[in-house]
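Here are my notes for your review. Please read them beside the coordinates.

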Amino acid sequence: MATPESWTDEQLKRKSLAYRRDVLRIIKHAGAGHTGGSLSCLDILNVLYHRILRVSPATAKDAGRDRYVQSKGHCVEALFVVLADRGFFPAAELETLCRYQSHFIGHPTRKVPGVEQNTGALGHGLPLSVGMAIGAKLDGADFRVFTLLGDGELAEGSNWEAIMAAAHYRLDNLTAIVDCNRLQISGRTRDVMNHEPLAQKFAAFGWAVRTVDGHNLGALTAVLSQPWPAGQPGVVIAQTVKGKGVSYMEDVGKWHHGVPSDEEYRRALAELDAQEAALSGGAR
């Protein structure tokens with residue numbers, strides 16, 4: 001089981017680069033995928049599965065395991081590559097993404113080992129997570145529940161019902177993480193349905209709030225490792241960049257869903273290779 005001490009930040013940075021290559025590869029091979037949002041949330045998932053979550057393939061059925069729910073289920077490619085790397089299933093199975101009769105489809109399904117809940121329609125993951133956290137309280141269990149939402153997803157009213165319920169039931173075992181990349185399929189989040197000031201809105205509903213650079217692995221570790229105040233659910237607002245790591249995809253709306261051409265794919269891999277080389281140079 002991963003612990004906060006088991007990986008250095010540099011090792012995790014290299015792992016994030018590897019995950020980005022994997023996401024691009026499986027989307028390219030499948031001919032479909034939510035590229036931009038998968039790249040924006042990869043660092044969050046990297047930290048969760050290496051440093052925070054008390055779950056592993058060996059404990060995936062244990063009652064006391066931590067639960068993770070990917071509410072922004074359309075960015076499942078990021079989750080798949082992390083679960084494969086952590087040993088929940090053979091990485092070779094990712095080559096069947098979006099293929100006939102494959103369990104690896106465009107959203108999370110419990111037929112894939114390591115996936116806690118089916119998600120697809122936006123606004124479902126947080127209510128499910130609230131129910132899990134309530135169940136833990138009723139059972140006197142000490143597992144924690146984490147869920148990842150997109151900032152555009154917060155336009156769904158079911159989220160705000162769940163936010164209100166979580167505070168009412170004092171769910172300090174619940175952590176919501178907002179992948180705040182400021183873009184959605186139809187444009188800038190502020191233009192489609194502005195939710196700012198987001199931190200103040202969560203606080204007004206009774207949540208503890210932390211804001212973090214969603215690509216700073218050390219900072220993510222720090223905010224996700226700290227317990228929430230007694231009786232308060234917590235939200236981490238992670239400031240991210242859609243398409244992070246690939247220059248021509250970064251903060252570009254058309255990469256919400258998209259498959260790179262052969263030349264774009266080669267360019268993306270070259271950029272990631274250069275970033276890894278820079279890490280090696282820094283180590284010397």
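Which residues of S2 are buried on one side, and which on the other? On one side they are Val145, Thr147 and Leu149. On the other they are Phe146, Leu148 and Gly150. Both faces of S2 are thus covered. Keep in mind that this is a predicted model.

1. Strand S2 in its setting. Strand S2 spans 145–150. Six of its six residues are buried, so the rest of the structure largely encloses S2. In a regular strand, side chains alternate between the two faces of the sheet. The two buried sets named above are Val145, Thr147 and Leu149, and Phe146, Leu148 and Gly150.

2. The sheet. Five strands form an open sheet in the order S1-S2-S3-S7-S6, with parallel pairing. Strand S1 (67–70) and strand S6 (208–213) stand at the edges. Each has a single partner strand, so one side of each lacks a neighbour in the sheet. From one strand to the next, the twist averages 20 degrees.

3. Pairing in register. Strands of a sheet pair through backbone hydrogen bonds, either parallel or antiparallel. S1 and S2 run parallel and are joined by four bridges. Here Arg67 stands opposite Val145 in S2. S2 and S3 pair in the parallel sense over six bridges. Thr147 stands opposite Ala176 in S3. Strand S3 (residues 174–180) also pairs with strand S7 (residues 234–239), parallel, over six bridges. Ala176 has Val235 as its bridge partner in S7. Reading across, Ala176 therefore gives you a handle on both sides of S3: Thr147 in S2 and Val235 in S7.4. Helix against the sheet. Helix H2 (residues 35–52) packs on the sheet. H2 touches S1, S2, S3 and S7. The direction of H2 makes about 150 degrees with that of S3. As for connections, S2, H5 and S3 make a right-handed β-α-β unit.

5. Aromatic pairs. How many aromatic pairs does the structure hold? There are eight. In one of them, the ring centres of Tyr49 and Phe88 lie 6.4 Å apart. Their planes stand at 85 degrees, so the pair is edge-to-face. Tyr49 is in helix H2, while Phe88 is in the loop between helix H3 (76–85) and helix H4 (125–139). The two are 39 residues apart, and the pair links distant parts of the chain. Tyr49 counts as buried at 3% relative accessibility. Phe88 also counts as buried, at 10%.

6. A second pair and its cluster. Trp160 and Phe205 form a tilted pair, 5.3 Å centre to centre, with 55 degrees between the planes. Trp160 sits in helix H5 (residues 157–168). Phe205 sits in the loop between helix H7 (198–204) and S6. They are 45 residues apart. Is each partner buried or partly exposed? Trp160 is buried, with a relative accessible area of 18%. Phe205 is partly exposed at 31%. Trp160, Phe202, Phe205 and Trp207 form one aromatic cluster.

7. Charges over rings. The charged end of Arg67 sits over the ring of Phe143, 3.8 Å from its centre. Arg67 is the residue that stands opposite Val145 in S2. Arg210 lies over the face of Trp228, at 3.8 Å from the ring centre.

8. Ser71. This residue is found in the loop between S1 and H3. Its relative accessible area is 0%, so Ser71 is buried. Which residues does Ser71 touch, not counting those up to four places away in sequence? Among them are Thr147, Leu148 and Leu149. Others on the list include Thr119, Leu122, Gly123, His124 and Glu153.

9. Arg21. Its place is in helix H1 (residues 9–30). Arg21 is buried, with a relative accessible area of 18%. Leaving aside neighbours within four places in sequence, Arg21 is in contact with Leu269, Leu272, Asp273 and Glu276.

10. Pro197. The loop between helix H6 (189–193) and H7 holds Pro197. Pro197 is partly exposed, with a relative accessible area of 37%. The C-alpha atoms of Pro197 and Ile163 are separated by 16 Å. Along the chain, these two residues are 34 residues apart.

Conventions: Residues are numbered from 1 along each chain as its sequence is written. This is a predicted model: local features need pLDDT of at least 70, side-chain atom pairs count only at pLDDT 80 or more; totals for chains, interfaces and linings use all residues. Side-chain values use heavy atoms; hydrogens and water are left out. Two strands pair if DSSP finds at least two bridges between them. Axes are lines fitted to C-alpha atoms, for helices over the stretch in contact, and angles run from 0 to 180 degrees between N-to-C directions. Contact means heavy atoms within 4.5 Å. Rings of Phe, Tyr and Trp (its six-membered ring) pair if their centres lie within 6.5 Å; planes under 30 degrees apart count as stacked, over 60 as edge-to-face and the rest as tilted. Buried means under 20% relative accessible area, exposed over 50%, partly exposed in between (1.4 Å probe, protein chains only). A charge sits over a ring if NZ of Lys or CZ of Arg is within 6 Å of the ring centre and within 35 degrees of the ring normal. A crossover is right-handed if, with the strands pointing away from the viewer, the path from the first strand over the helix to the second runs clockwise.
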